[in-house]
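User: Could you take a close look at the ligand site in this one, and then show me how the surrounding fold ties in? I'd like it as one connected walk-through.

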Amino acid sequence: MENVTYSDYKPKTGSFRDAVINGLSSDQKFIPAKYLYNERGSRLFDKICEQPEYYPPSVERRMLAQLKEEIASLTGTGRILLEPGAGNAAKVRLILDALRPAAFVPMDISFDYLKSATRKLVKEYPWLPVHAACVDYTHSLPIPEQVPAGPRLLFFPGSSLGNFDPQEAGDFLAMARDTVREDGMLLIGVDTKKNESLLNAAYNDAAGVTAEFNLNLVHRMRNELDVDCNLDSFEHQAFYNADAGRIEMHLVSKRKQELRINGHRFSLDAGESLHTENSYKYLPEEFISLASSSGFQEIKHWVDSDGLFAIYLFESC
Ligand code: AVJ
């Protein structure tokens with residue numbers, strides 16, 4: 001059996017164009033957040049994770065490093081470890097030695113990014129079979145046929161679930177529950193509700209990396225859709241919407257302008273925004289109740305001492 005395989009379940013090309021045309025036709029114009037994460041966007045996101053204001057990665061890393069033995073004692077070793085949105089697979093490295101999975105299935109929407117991350121990973125962990133899959137996890141969680149049988153554990157760190165609204169989050173968790181099946185588990189990192197100034201700072205880093213990440217969508221519209229618009233005609237905006245319990249990220253048009261895509265014309269007023277991302281925050285009781293509506297019961301959860309971030313372990317019920 002091969003120790004490394006690659007499978008491509010990539011969404012059809014043209015999907016970015018369709019999504020932009022659809023989103024710009026809406027009252028509040030929007031572009032689905034997943035389009036932020038092409039290869040360039042994924043690299044910019046990694047750079048966000050190094051910014052001092054963006055606390056989730058460092059807090060989650062510290063927690064995983066501290067908790068890995070306890071987590072392994074609850075999950076056991078030898079599971080099939082699945083990670084949607086694995087990106088550079090940095091987080092999973094913290095638990096691989098403790099969890100000793102029978103195989104690892106990293107999934108990511110950017111195939112180039114996934115391949116380079118997988119190549120590095122298999123060099124570092126020669127004992128680990130890796131079956132990489134290019135997947136848009138907002139639609140499905142296909143498991144490559146090479147993946148061996150065995151109890152599954154889905155690892156979903158980084159508060160990636162925060163990109164979904166609560167309804168979509170429930171749907172995703174139900175899909176995850178189907179994927180891990182009866183004897184499956186879910187290990188998930190989710191950002192908490194907290195002091196608004198900490199939240200606002202996390203999405204408005206002083207170095208401007210989050211702004212560059214957001215503006216990557218303008219970059220993509222120019223390069224991939226031939227839209228004639230200037231990078232500097234848009235401005236990054238991010239703020240906590242307390243009523244909705246989420247950070248909202250927008251691209252605000254600095255002036256009145258028209259965007260032309262394939263014969264469609266969309267006019268933007270000065271100050272009008274494209275909504276580009278949501279990042280929902282959950283109290284532990286809110287999240288445990290959401291997961292339980294999707295077929296998961298809590299085994300245990302942990303919150304760091306400053307209340308900044310939470311990690312949950314669930315099992316199928
Ligand atoms: C990758 C969705 C977890 O919501 O915190 C970070 C994305 N956007 N800064 C988040 C993000 C701007 C991030 N997630």
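Analyst: For sorting residues by class, Ala, Val, Leu, Ile, Met, Phe, Trp, Tyr, Cys and Pro count as nonpolar, Asp, Glu, Lys and Arg as charged, and the others, Gly among them, as polar. With that split, the shell around the ligand holds 7 nonpolar, 6 polar and 1 charged residues. Bear in mind that this is a predicted model, where local features need pLDDT of at least 70 and side-chain atom pairs pLDDT 80 or more, while totals for chains, interfaces and linings use all residues. Numbering starts from 1 along each chain as its sequence is written, and side-chain values use heavy atoms, with hydrogens and water left out.

Let's start at the ligand. There are 14 residues around it (near means a heavy atom within 4 Å), and Y54, G158, Y203, E277 and S279 come nearest. Some polar contacts stand out there (pairs of N or O atoms within 3.5 Å; within protein, one atom must be able to donate a hydrogen and the other to accept it, and sequence neighbours count only if both atoms are side-chain atoms). The side chain of Y54 puts an N or O atom 2.4 Å from a ligand oxygen, and the side chain of Y203 does likewise with a ligand oxygen at 2.5 Å. E277 takes the other kind of atom: a nitrogen of the ligand sits 2.6 Å from an N or O atom of the E277 side chain. As for cover, the ligand taken alone exposes 350 Å², and the protein buries 97% of that (Shrake-Rupley areas, 1.4 Å probe).

Where does the shell come from? At least two of its residues each are supplied by α2 (39-48), α8 (209-225) and β11 (273-280); helices (H or I, at least four residues) and strands (E, at least two) are DSSP runs numbered from the N terminus.

Follow β11 outwards and you land in an open, antiparallel sheet of 3 strands, ordered β7-β8-β11 (strands pair if DSSP finds at least two bridges between them). Its edge strands are β7 (234-241) and β11, each paired on one side only. The twist from one strand to the next averages 20 degrees (axes are lines fitted to C-alpha atoms, with angles from 0 to 180 degrees between N-to-C directions). Strand β8 (residues 246-253) pairs with β11 in the antiparallel sense over 7 bridges, and one bridge partnership matches E248 with N278 in β11.

There's also an open sheet of 8 strands with mixed pairing, in the order β1-β4-β3-β2-β5-β6-β13-β12. At its edges stand β1 (4-8) and β12 (296-303), each with a single partner strand, so one side of each has no neighbour in the sheet. Here too the strand-to-strand twist averages 20 degrees. Inside the sheet, β5 and strand β6 (residues 185-191) run parallel, joined by 4 bridges, and L154 stands opposite L186 in β6.

Now back to α2, by way of the loop before it. The whole structure has 14 salt bridges (a Lys or Arg side-chain nitrogen within 4 Å of an Asp or Glu carboxyl oxygen), and K34 and D136 make one at 2.8 Å, N to O. K34 sits in the loop between α1 (15-24) and α2, and D136 in the loop between β4 (130-134) and β5 (152-156), so this pair ties together parts 102 residues apart in sequence. S25 is in that α1-α2 loop as well, and its side chain reaches the backbone oxygen of I21 at 2.6 Å.
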